[in-house]
Amino acid sequence: MKLKLVLGSLLALLLVGMNVTAQKKGKWVTLFDGKTMKGWKGYNMTNIPNAWTIEDGALKINAKSPTTNERGDLLFDKKFKNFELQLMYKVDKGANSGILYLGQELPGKKIYQSAPEYQVLDNENHPDAKAGKNGNRKSASLYDMIPATPQVDKGFGQWNEARIIIKDGHVQHYLNGKKVVEYTLWNEDWKNMVLNSKFKDWADFMNAGGDSRSGFIALQDHGNNVWFKNIKLREL
């Protein structure tokens, strides 16, 4: 009986330890605290372009002007492989941006040449919403490849909740609590989608994540006013 109690206690301690380890691995980490840009930098830069500012607790990419002459996408300076990313975004009227993931820093190239994009757009007022195929350039779409269905974007001036989940190449886009895109990287379907998109000649895009199947998260500078806040991530 005593031996059974001891073994039972050891098993319980082991299970508790495993649970604690799992919790630590899945802990939410804040990527932007609403006050500083610690951990962020410009793509292929060591500094942060002056087009990016902090406004009312949100990261803001400002529209082009003489005072925002240094431009570029904003990148969180750590690679991630399997993760869940959550954030809020808001666009100005007619604005365009995106959330890019599994990107690589490649000299002389743009990050969108290696990274799939969760589209961020004013669907009603930006012409890109009517381009592409079947709405695959509207908000939360896998840009130029898979349309977000249903389309539940709230429109310009309103905060939207974005969520991206990647686990072993399986990708899901969520918009305002609805799953709107789902696909798998690196398989034959993926290769065929790329070959039928504007990215067909970009080997780095076809092999998104590179050999390590991991990459950077970035927020796109498309020359318009767009805000991002409550950015957090947990590794899976």
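## Getting to know the model

Strand β3 (residues 52–55) runs antiparallel to strand β4 (residues 58–61), and 4 bridges pair them. This is a predicted model, in which local features need pLDDT of at least 70 and side-chain atom pairs count only at pLDDT 80 or more, while totals for chains, interfaces and linings use all residues. Residues are numbered from 1 along each chain as its sequence is written, and side-chain values use heavy atoms, with hydrogens and water left out.

Me: What makes β3 and β4 a pair?
Reply: Two strands pair if DSSP finds at least two bridges between them. Here there are 4 bridges, so β3 and β4 meet that definition. I54 stands opposite L59 in β4. The two strands form a hairpin with 2 residues between them, and D56 in the turn has a positive phi of about 50°.

Me: How many helices and strands does the protein have, and what counts as one?
Reply: The protein has 3 helices and 13 strands. These are DSSP runs numbered from the N terminus: H or I over at least four residues for helices, E over at least two for strands.

Me: Why is H126 called buried?
Reply: Its relative accessibility is 14%, and buried means under 20% relative accessible area (exposed is over 50%, partly exposed in between; 1.4 Å probe, protein chains only), so H126 counts as buried. H126 sits in the loop between β8 (117–121) and β9 (160–167). Leaving out residues up to four places away in sequence, H126 touches G94, A95, N96 and L121, where contact means heavy atoms within 4.5 Å.

Me: And why does K79 get its label, partly exposed?
Reply: K79 has 36% relative accessibility, which falls between the two cut-offs, so K79 counts as partly exposed. K79 belongs to the loop between β5 (74–76) and β6 (83–91). Beyond its neighbours within four places in sequence, K79 is in contact with Q104, S214, G215 and F216. K79 and G209 are 130 residues apart in sequence, yet 9.3 Å apart in space, C-alpha to C-alpha.

Me: How do you know how much of the protein is buried?
Reply: Of the 236 residues, 47% are buried.

Me: What shows how far apart in sequence the contacts reach?
Reply: Take the contacts between residues at least 6 apart in sequence: 66% of them join residues at least 24 apart.
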